[in-house]
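Hi,

Here's the structure I promised to pass on. Have a look at it first, and then read my notes below.

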Amino acid sequence: MNSTPNIPSVNLNDFLSGNAERKAAFVQKLGQAYEEIGFVAVKNHGLTDEQSAQLYNQVQRFFSLPAEVKAKYEIEGLAGQRGYTSFGKEHAKGRNTGDLKEFWHFGQYVEDGDPIQSKYPENVMVNELPQFNEIGKTVYQTLENAGKNMLRAIALYLGLDEFYFDDKIHNGNSILRPIHYPPITSEPKDAVRAAEHEDINLITLLMGASAEGLEVLNKKQEWIAVTALPEQIVVNVGDMLQRLTNNKLRSTTHRVVNPPKEKWGESRFSIPFFLHPRSEMRLDCLQKCIDENHPKAYEDISGGEYLDERLAEIGLKK
């Protein structure tokens, strides 16, 4: 079992420095990491330690609320898009065992009159914790901005215009998902905390989790443990970006394993930001990524169609 040094680390300040050489070096290092393993650790992403600690504090307080209070925030008919989702509702694609977790969804804040607002459910307010929604929104918008810059670098690596993704992710269907994996109280049958899977979206930005357990599968088919170092977030490629790039950039298989038995009594908290495009974005393989050695691997599809297909596969949408 190896540790995080296997995951390349990049400094977003290099990309934003205004120095052409530092910017180009960042693009190259990021692109190679995404071709090889699909994960990087990122420094200087804009989220402060204080904001991170505040959100973790609020999230821990929310998940400690009595079950009947949390249940008020599990809203019928939303397919889990906003608010609370209770234990065991979601499972990895191809599995029927529910994962050992409960979670919350913060969604997009449309603040510029964009008509797309009518397509999104409202965010759910938690009356018991006034700061919960406030810090959730701050972190959502901070990570969304970091993701926009990461995608600009990815666009350059792919030989596209730097701002190729900007309008496609503006007011996109992104989700900030605080997750609580509770203490394990009896021998699990087969449910790991989260079974091996790939993410659906373009990229995922993961704030440091409160306990280890995240592992990624490398090209040699070895599982590597990942922990975000202080002041870093981990950013990985999702299936939408893999599809768009005709498998040039890799959506890495990852999982959250159950801890050693002596740590079963501890909760694990984790807060990923799933960066999604607007539903009309085309995910058709880029012509630049198709050649004799890399024939087109996927049918044409839009972001919205693909998301619906995948939500049904993981049990969140009927």
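Keep in mind that this is a predicted model. I started with the open sheet: six strands in the order β1-β2-β11-β8-β14-β5, with mixed pairing. β1 (9-11) and β5 (175-176) are the edge strands; each has a single partner, so one side of each has no neighbour in the sheet. Further in, β8 (residues 203-206) pairs with β14 (residues 272-275) in the antiparallel sense, over four bridges. If you want a spot to zoom in on there, Thr 204 sits opposite Phe 274 in β14.

Next, the cores. The largest nonpolar one has 67 residues, and Phe 62, Trp 104, Met 150 and Ile 154 have the most contacts inside it. Helix α5 (residues 130-157) gives the most to this core, with 12 residues. Another core, of 13 residues, lies apart from it and includes Ile 7, Ile 37, Leu 206 and Val 234.

Trp 104 is worth clicking on. Leaving out residues up to four places away in sequence, Trp 104 touches a list that includes Phe 62, Tyr 73, Val 124, Phe 132 and Leu 176.

Last one: is Asp 239 buried or exposed? This residue lies in helix α7 (residues 239-244). Its relative accessibility is 8%, and buried means under 20%, so Asp 239 counts as buried. Its side chain makes a polar contact of 2.6 Å with the side chain of Ser 251. Beyond four places in sequence, Asp 239 also touches Glu 198, Asn 201, Tyr 306 and Arg 310, among others.

Cheers

Notes:
Residues are numbered from 1 along each chain as its sequence is written. This is a predicted model: local features need pLDDT of at least 70, side-chain atom pairs count only at pLDDT 80 or more; totals for chains, interfaces and linings use all residues. Side-chain values use heavy atoms; hydrogens and water are left out. Two strands pair if DSSP finds at least two bridges between them. Helices (H or I, at least four residues) and strands (E, at least two) are DSSP runs, numbered from the N terminus. Buried means under 20% relative accessible area, exposed over 50%, partly exposed in between (1.4 Å probe, protein chains only). A polar contact is a pair of N or O atoms within 3.5 Å; within protein, one must be able to donate a hydrogen and the other to accept it, and residues adjacent in sequence count only if both atoms are side-chain atoms. Contact means heavy atoms within 4.5 Å. A nonpolar core is a set of buried Ala, Val, Leu, Ile, Met, Phe, Trp, Tyr and Cys residues joined through side-chain atoms within 4.5 Å.
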